[in-house]
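Reader: I'm new to this one and would like a close look at a single part of it. Could you take me through the place where the two domains meet?

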Amino acid sequence: MIVPIEKLNLPLWQTFGVELYIIRLDQTHPHISGNKWFKLQPALERAKKHPNQPLLSFGGAFSNHLHALAYAGFLHGLSTMAIIRGEQPKSLNPTLQDMKNWGMQLHFVSRAEYAQRYRVDYLDHLRQRFGDVQIIPEGGSSSEAVNACGEIWKHLSKDQPLPDYLGCALGTGATVAGLIANRPLQTQVIVVPALKISALEATQMLHQHWQANHADRTDQIELKEGFTVFDGELPYARVTPMMAALWQRLSTCYGIDLDPVYTLRVYHRLSRLLQQGHFPAGSKVALLHTGGLQGIRGCQQQLQQRSAAYIGPLPI
Ligand SMILES: Cc1ncc(COP(=O)(O)O)c(C=O)c1O
């Protein structure tokens, strides 16, 4: 598989003489898109060898991961089940409706129960309830998935040179952990949390993934210097009027469709770094588009309304 890379011609970036690219992981597959294609590969390979063992995983009501898993199960004839955080809504949103249509069993649980999703005794309880299931952690973020994300580099189109900087979103941290552990030496990884956590907490998440993989080589200088982690400034999925306006303008004026939860935040952070002089003129910066566009269907109207409330400059 070859992941296309496109050059973006945005006025702000041209003013600073810095080239901006977008790595279109979102185009890997219409439904198993972005980092999901990589994260799910190991579990799917195993499931194909044990087709009678359902795949069970966890997520919220707009989860990109569960959406991709449901489609992958449908595609390969595998049973899938989801433990979903929060009460069952009166009507299913488009994400949940797709999952149901693709044959996924949906189980809504209280937030208190959902909080137990990493506990061994809770996972045993799920096995007793649902039988012999293959359990995939939230976000698909197993240690195998971390390794699989490290493979992303090998699939990048050779039509463009490797970037000097790669911006990527952090949720559970599995994608970024894999990318950093396998990064080409000339590329610095810029980590942008999609939730309100400090850079220190986000870095600890990365170390947990590396330790689980016995790959904690951060004592090695090239790994230590190869990435920068930023604070996550907004709560998960919060979109301010300015961010909504940025999302809208990038889409309508420049044809760049980002998801407001993850990749929009990466673009925003990269554009602030640009304005702060972080990127030397002539350097190449890439934004990793990790997909998630399916989630927009549930909030498009809200985004448009919020965007209308913003009057002011946008970093484009
Ligand atoms: C679209 C999108 N981008 C980025 C991420 C962050 O990936 P990770 O959880 O591996 O940090 C996610 C969550 O899985 C996502 O759905």
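Reader: How many salt bridges does the rule find across the interface of domain 1 and domain 2?

Author: The rule finds two salt bridges across that interface, a salt bridge being a side-chain nitrogen of Lys or Arg within 4 Å of a carboxyl oxygen of Asp or Glu. One thing to know early: this is a predicted model, where local features need pLDDT of at least 70, side-chain atom pairs count only at pLDDT 80 or more, and totals for chains, interfaces and linings use all residues. Residues are numbered from 1 along each chain as its sequence is written, and side-chain values use heavy atoms, with hydrogens and water left out.

Now, who's who? Domain 1 is made of 5–31 + 143–308 and domain 2 of 35–140, with bounds that come from an automatic or database domain assignment. Their centres, taken over C-alpha atoms, are 25 Å apart. Domain 1 puts 21 residues into the contact and domain 2 puts in 20, where contact means heavy atoms within 4.5 Å.

Together the two domains bury about 1800 Å², with 60% of that on carbon and sulfur atoms; buried area is the accessible area (1.4 Å probe) that two parts lose on being put together, summed over both. On the domain 1 side, His-31, Gln-294 and Arg-297 supply 31% of the area buried against domain 2, more than any other three residues.

Arg-297 turns up again in a salt bridge with Asp-98, where the closest N and O atoms are 2.9 Å apart. The rule also finds seven residue pairs in polar contact across the interface, both residues at pLDDT 80 or more. For that, N or O atoms must pair within 3.5 Å; within protein, one must be able to donate a hydrogen and the other to accept it, and residues adjacent in sequence count only if both atoms are side-chain atoms.

As for elements, α7 (143–150) and α8 (174–181) are the ones giving two or more residues to the domain 1 side that touches domain 2. With four residues, α7 gives the most to that side. Helices here (H or I, at least four residues) are DSSP runs, numbered from the N terminus.
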